[in-house]
Each structure stands twice: as structure tokens, then as C-alpha cells.
Amino acid sequence: MVGNPASFTFVGAVVEQNLVVVGSVGDSRAYWLPDSGSAIVLTVDDSFAQEQIALGVPRLEAETGPQSHAITRWLGADAPDHTPTTASMTSTEPGWLLVCSDGLWNYCSPAQDIGALVARTASASTEVAEPLALAGALVDWANSQGGQDNITVALARMHPS
């Protein structure tokens with residue numbers, strides 16, 4: 001392959017009962033958004049912005065600065081490392097598992113903010129409370145914010161036993 005080979009970021013989740021296992025490469029993310037309590041980001045971006053955050057730069061500044069969207073790991077023929085970063089958690093209360101590309105979180109990055117967005121959007125109507133309809137509504141919301149990047153959203157509603 002000559003020139004600029006295709007590359008992409010990836011996030012995936014596997015759910016078995018109350019156990020959630022996520023893997024990611026790049027800057028696509030997984031969030032746990034409980035109905036009550038604190039929302040959390042389950043993944044760590046492979047990006048220049050994340051490196052800046054790790055050095056103490058405030059998230060908003062790091063995510064809007066020059067080179068903030070430069071990824072440091074990706075999948076593709078020219079990728080230096082294809083090994084995903086993984087994490088797991090056990091859910092103890094009802095909530096949403098959200099996996100998304102930066103086309104969504106660019107407009108709503110902090111876990112608490114994206115959790116509030118999902119809750120607001122889900123409560124807009126009973127139809128939107130279903131995962132597929134809610135994902136579509138979140139894509140529509142990201143497009144209304146400017147839609148400057150590819151927008152991918154998937155959700156799973158979790159009801160721990």
C-alpha cells in the first residue's frame with residue numbers, strides 16, 4: 001500500500017450479566033452511565049489530548065488545543081501496535097452502556113455531561129428510551145452541534161440482577 005493507508009479507531013464492549021468488558025484503540029470511547037450515581041469513562045484515549053490531561057492540563061483545554069485530536073494509536077496497516085487497552089466493571093444498578101466515536105463526545109466529553117445528555121434525550125419520549133432510537137437521537141444531536149466528524153453511537157440498557 002502506497003501513500004496514506006486506511007486507519008481507524010475502535011471501541012467494543014462485551015456484556016455478560018453484570019460484567020462489562022471493554023477494549024479500545026484510538027479515541028473512540030465507552031461510558032458507564034448509571035441511572036443514579038456518577039457516570040464514568042471506561043476507556044482511556046490514545047491521543048495527544050489524553051497525554052496532555054495526564055500531565056495536568058485541564059480536559060477542556062487539552063481537548064480543544066492544537067493537535068488535540070491527533071491519535072497516538074490506531075488500527076491499520078501502518079499502526080505501531082494493534083493491542084487494545086482493556087477495562088472491566090461490574091454494574092450494580094440500572095444504567096446505560098454507551099460506546100461512541102469522537103463524533104459524539106467531541107461535543108460533550110466529560111462523563112457527567114454525556115450522562116446528562118443521554119438522560120435528557122432518553123426522557124424526551126418513550127420511543128427514545130429504546131437503545132436504537134436513543135442512539136439515533138444522539139447522532140442527530142451531534143449533527144446539530146456541527147457534525148464535524150464521523151458519528152457512531154451504540155447503547156445497551158443494563159438491568160443488573
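This briefing walks through the salt bridges, a buried aspartate, the nonpolar cores and a surface patch of the structure above. Please keep in mind that the model is predicted. Six salt bridges are present in the structure, and the largest nonpolar core has 22 residues. Aspartate 46 is a good residue to look up early on: its side chain makes a polar contact with the side chain of arginine 73, at 3.0 Å.

**Aspartate 46 and arginine 73**

- You will find aspartate 46 in the loop that runs between strand S5 (40-41) and helix H1 (48-54).
- Aspartate 46 counts as buried because its relative accessibility is 9%, and the cut-off for buried is under 20%.
- Setting aside neighbours within four places in sequence, the contacts of aspartate 46 include Ser24, Val25 and Gly26, along with Ala70, Ile71, Thr72, Arg73 and Thr85.
- Arginine 73 also has a salt bridge with aspartate 81, side chain to side chain, at 3.8 Å from N to O.
- In this salt bridge, arginine 73 is buried, with a relative accessible area of 14%, whereas aspartate 81 is partly exposed, at 33%.

**Arginine 29 and aspartate 45**

- Side chains of opposite charge can pair when their charged atoms come close.
- Here, the side chains of arginine 29 and aspartate 45 form a salt bridge with an N to O distance of 2.7 Å.
- Arginine 29 sits in strand S4 and aspartate 45 in the loop between S5 and H1, so this pair ties together parts that are 16 residues apart in sequence.
- Both arginine 29 and aspartate 45 are buried.
- Arg29 and Asp45 also belong to a network of salt bridges in which Arg59 and Glu63 are linked with them.

**Arginine 157 and aspartate 35**

- Another salt bridge joins the side chains of arginine 157 and aspartate 35, at 2.5 Å from N to O.
- This pair links distant parts of the chain, 122 residues apart: arginine 157 is in strand S9, and aspartate 35 is in the loop between S4 and S5.
- Arginine 157 is partly exposed, with a relative accessible area of 29%, and aspartate 35 is partly exposed too, with 47%.

**Nonpolar cores**

- Within the largest nonpolar core, with its 22 residues, Leu98, Leu104 and Val153 have the most contacts.
- Several elements each supply at least two residues of this core: strands S4 (29-34), S8 (95-100) and S9 (153-158), and helices H3 (102-105), H4 (111-122) and H5 (131-144).
- H4 provides the largest share of this core, five residues.
- Apart from this core lies another one of 10 residues, and Val11, Met89, Val99 and Met158 are among them.
- If you would like a residue to start from in the largest core, try leucine 98: beyond residues up to four places away in sequence, leucine 98 touches Leu104, Ile114, Val118 and Val153, among others.
- The residues that leucine 98 touches also include Arg29, Ala30, Tyr31 and Leu33, as well as Ala154 and Leu155.

**Surface patch**

- Val14, Leu19 and Val21 make a nonpolar surface patch of about 240 Å².
- One of these residues, valine 21, is found in strand S3, which covers residues 19-25.
- Valine 21 counts as partly exposed because its relative accessibility is 35%.

Methods: Residues numbered from 1 in each chain as written. Predicted model: local features only at pLDDT ≥ 70, side-chain atom pairs only at ≥ 80, totals over all residues. Heavy atoms only, no water. Helix = DSSP H or I, 4+ residues; strand = E, 2+ residues; numbered from the N terminus. Buried < 20%, exposed > 50% of the residue type's maximum accessible area, 1.4 Å probe, protein only. Polar contact = N/O pair within 3.5 Å; in protein donor to acceptor, adjacent residues only side chain to side chain. Contact = heavy atoms within 4.5 Å. Core = buried A, V, L, I, M, F, W, Y, C linked by side-chain atoms within 4.5 Å. Patch = residues over 30% accessible without salt bridge, like charges linked within 9 Å, V, L, I, M, F, W, Y side chains within 5 Å. Areas by Shrake-Rupley, 256 points an atom, 1.4 Å probe, with all protein chains shown as cover. Salt bridge = Lys/Arg side-chain N within 4 Å of Asp/Glu carboxyl O.
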